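I opened the notebook to look up a few things in this chain. My entries follow in the order I made them.

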Amino acid sequence: MQPNLIDFSVRGDERGYLVALEENKDVPFAIRRVYYIFGTQAGVRRGTHAHRRTRQVAVCVSGSCKFLLDDGGTRTEVQLDSRDRGLVLEPMIWHEMFDFSQDCVVLVVASDLYDESDYIRNYDEFMEEVR
Ligand code: TYD
């Protein structure tokens, strides 16, 4: 599978830079939730789940980390290290995050409110549901 990456417009001038994310424009869905991940300890893997319905876009706004994406058939890895590039995480894609730099901050915009019943946290269950 190919990762779906979105290049955001950067508004820059002599003062610095700004990226704005608007729903149904810069990201391909209506945004109902924003969260961010930071202070991840070295050697840790995060994520390790899939969502049944929620769509998300992840942006590494500081530092870098890697994503493993798995659609049940193929796996791919992508490094996020750009402030102006978002990775689309569609439903039923198993994803894991690893190789976090110390200064890594990952901003995520999501199409739905947090709901634990939307998560598949067991890989065997994911493989059964994705079929
Ligand atoms: P978790 O899903 O384990 O994080 P990650 O995918 O980065 O490994 O979430 C960590 C905790 O935060 C867990 O108790 C659920 C909670 N949480 C919320 O309350 N709201 C949210 O929007 C998210 C993403 C997590």
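**Entry: a loop with an unusual phi.** I started with methionine 92, which sits in the loop between β9 (85–89) and β10 (94–98). The model I am reading is predicted. I checked the backbone of methionine 92 and found a positive phi of about 60°, although the residue is not a glycine. Is methionine 92 buried or exposed? Its relative accessibility is 18%, so I count methionine 92 as buried; the cut-off for buried is under 20%.

**Entry: a second positive phi.** I then went on to aspartate 99, in the loop between β10 and β11 (105–110). Aspartate 99 is not a glycine either, and its phi is positive, near 55°. I looked up the accessibility of aspartate 99 and got 46%, which puts it among the partly exposed residues.

**Entry: the overall fold.** Next I stepped back to the whole chain. I counted twelve strands and one helix. Which order do they take from the N terminus? I read β-β-β-β-β-β-β-β-β-β-β-β-α, with the helix after the strands. The radius of gyration is 15 Å, and the globule rule gives 14 Å for 131 residues, so the chain is as compact as a globular protein of that length. I also noted the span of the C-alpha trace along its principal axes, about 55 × 35 × 25 Å.

**Entry: contacts and surface.** I took the contacts with a separation of 6 or more and asked how many join residues 24 or more positions apart. The share is 75%. Of the 131 residues, 39% are buried. The accessible surface comes to about 7,500 Å², and carbon and sulfur atoms hold 46% of that. I counted the charged side chains too: 16 are positive and 23 are negative. The centres of these two sets lie 2 Å apart.

**Entry: cysteines.** How many disulfides does a search of the whole structure find? I got zero. I then checked cysteine 65, which is in no disulfide. The cysteine sulfur nearest to that of cysteine 65 belongs to cysteine 104, 4.1 Å away. Why does cysteine 104 have no bond to cysteine 60? The sulfur of cysteine 60 is the closest cysteine sulfur to that of cysteine 104, but at 3.8 Å it is too far for a bond. The cut-off I used for a disulfide is within 2.5 Å. I also looked up burial here. Cysteine 65 is buried, at 1% relative accessible area. Cysteine 104 is buried as well, at 3%.

**Entry: glycine 63.** I found glycine 63 in the loop between β6 (56–62) and β7 (65–70). At 14% relative accessibility, I count glycine 63 as buried. Which residues does glycine 63 touch, not counting those up to four places away in sequence? I listed Leu80, Asp81, Arg83, Ser101, Asp103 and Cys104. I took the C-alpha separation for glycine 63 and serine 101: it is 5.7 Å, for residues 38 apart along the chain.

**Entry: the N-terminal residue.** I closed with methionine 1, in the segment before β1 (5–7). Methionine 1 is partly exposed, at 29% relative accessibility. I left aside its neighbours within four places in sequence and found contacts with Leu69, Asp70, Asp71, Thr74, Thr76 and Ile93. I also noted glycine 73, which is 72 residues from methionine 1 along the chain. The C-alpha atoms of methionine 1 and glycine 73 are 8.3 Å apart.

Conventions. Residues numbered from 1 in each chain as written. Predicted model: local features only at pLDDT ≥ 70, side-chain atom pairs only at ≥ 80, totals over all residues. Heavy atoms only, no water. Helix = DSSP H or I, 4+ residues; strand = E, 2+ residues; numbered from the N terminus. Rg over C-alpha atoms; globule rule 2.2 N^0.38 Å. Buried < 20%, exposed > 50% of the residue type's maximum accessible area, 1.4 Å probe, protein only. Contact = heavy atoms within 4.5 Å. Areas by Shrake-Rupley, 256 points an atom, 1.4 Å probe, with all protein chains shown as cover. Lys, Arg positive; Asp, Glu negative; His and termini not counted. Charge placed at Lys NZ, Arg CZ, Asp CG, Glu CD.
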